[in-house]
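This report describes selected features of one model, with the definitions that a computational reader will want to have at hand.

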Amino acid sequence: MGTVLAADIGGTWVRLRTGGVGAPVERLRSPSRLNHPDRPVARLREDMVELLCRAAPPGAHAAISFGAAIDHLTGTVHGSAPLWGAEATPYDMGAALRGHRPDVTWQLVNDVTAALVDFAATHARPGVRRVGYLTVSSGIALRLADVERMRIPVDEQGLQGEIGHLPAMTTGPELQGAGLLCECGAPDHLASFSSGPGIARVAGQLGLDTGSAVADWLPQALAADAPLARRLLELCVEPVAHMLRTLWCLDPHLDLLGLGGGVVEGLGAHYSDELRRQLGLATSYADRGRDPAWLADRLVFCAPGAIDALRGAERVDRWLPGIVP
């Protein structure tokens, strides 16, 4: 194997590292819809391919953590709201990279898959059967792995866990029929309410005039115990709590779940306390509520920088044979 180029591609930044853990990390602005809203998607895709091809040394092995719904079997990207907005035409990113730089071995995984690998490597204790990692940030996604069999199962499209684009479950009367749009263009998705941009949308629905500054306002308002801030957090956490209840109902062998991303990390104890509170509530005989000790054994709220998709991309090789439909 040649020199290893690791890359972590997000909607705002691209991080690059050549030479493995300990080498310096270069950070560049991502050629994305977020950074360049007026550029056509075709141009953004070309710019991304050119950026990665320029960064790869001759004969390199390129391990790419990509912030998109990606077919882990082929490298085809199905969509990425932060990178390409509502564009959902599949794009064979792997083929484009190989066509431009056939001397490089290109390995593409979703950024949440890379984060899961890093989380499992650092947190999975003996006896853990299945492990997951949930990111709540500018988007929302989940990835699960079978630790005993070293498998990350995917469907026939090479996908798993794109839960941010499922319909949200919410009981809040303020949000019934709200039609809040997700970044993908569809209304009332989980990401419509619970992602970073989703929290700003829900704040507007509550009449809070914070705009994009909600990320700065909310922690201070929660620390001051402001009622509207508490209600905003409750509404935005509820769809995530519903999703976790469903997850544990369907997969009782999910023994460990990491939570990270800008929303979880930025709100810290405010977020973790509210999620634990909601998960402790009984909703039916099938969900009598989870006690604090049960949750403490299974949930890990990751501190900023604790989980690194760039490092996960470098570690993902040992899981690749287990990424199967």
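The text below takes up a small set of strands, then a helix, then one residue.

The model is predicted, so that local features need pLDDT of at least 70 and side-chain atom pairs count only at pLDDT 80 or more, whereas totals for chains, interfaces and linings use all residues. Residues are numbered from 1 along each chain as its sequence is written, and side-chain values use heavy atoms, with hydrogens and water left out.

Helices (H or I, at least four residues) and strands (E, at least two) are DSSP runs numbered from the N terminus, and two strands pair if DSSP finds at least two bridges between them. An open sheet of 3 strands follows the order β5-β6-β7 with antiparallel pairing, and its edge strands, β5 and β7, each pair on one side only. Between β5 and β6 there are 2 bridges, and I70 stands opposite V77 in β6.

| Strand | Residues |
|---|---|
| β5 | 69-70 |
| β6 | 76-79 |
| β7 | 91-92 |

Helix α8 (residues 227-250) has 24 residues and spans 35 Å from its first C-alpha to its last, close to the expected 34 Å, a value obtained as 1.5 Å times one less than the number of residues. At V237, shortly before the proline P239, α8 has a kink of about 30 degrees, the bend being the angle between axes fitted to the seven residues ending there and the seven starting there.

L254 belongs to strand β11 (residues 254-260), and because its relative accessibility is 1%, L254 counts as buried (under 20% relative accessible area, with a 1.4 Å probe and protein chains only). Leaving aside neighbours within four places in sequence, L254 is in contact with residues including R130, L144 and W248, where contact means heavy atoms within 4.5 Å.

Note on methods:
Buried < 20%, exposed > 50% of the residue type's maximum accessible area, 1.4 Å probe, protein only.
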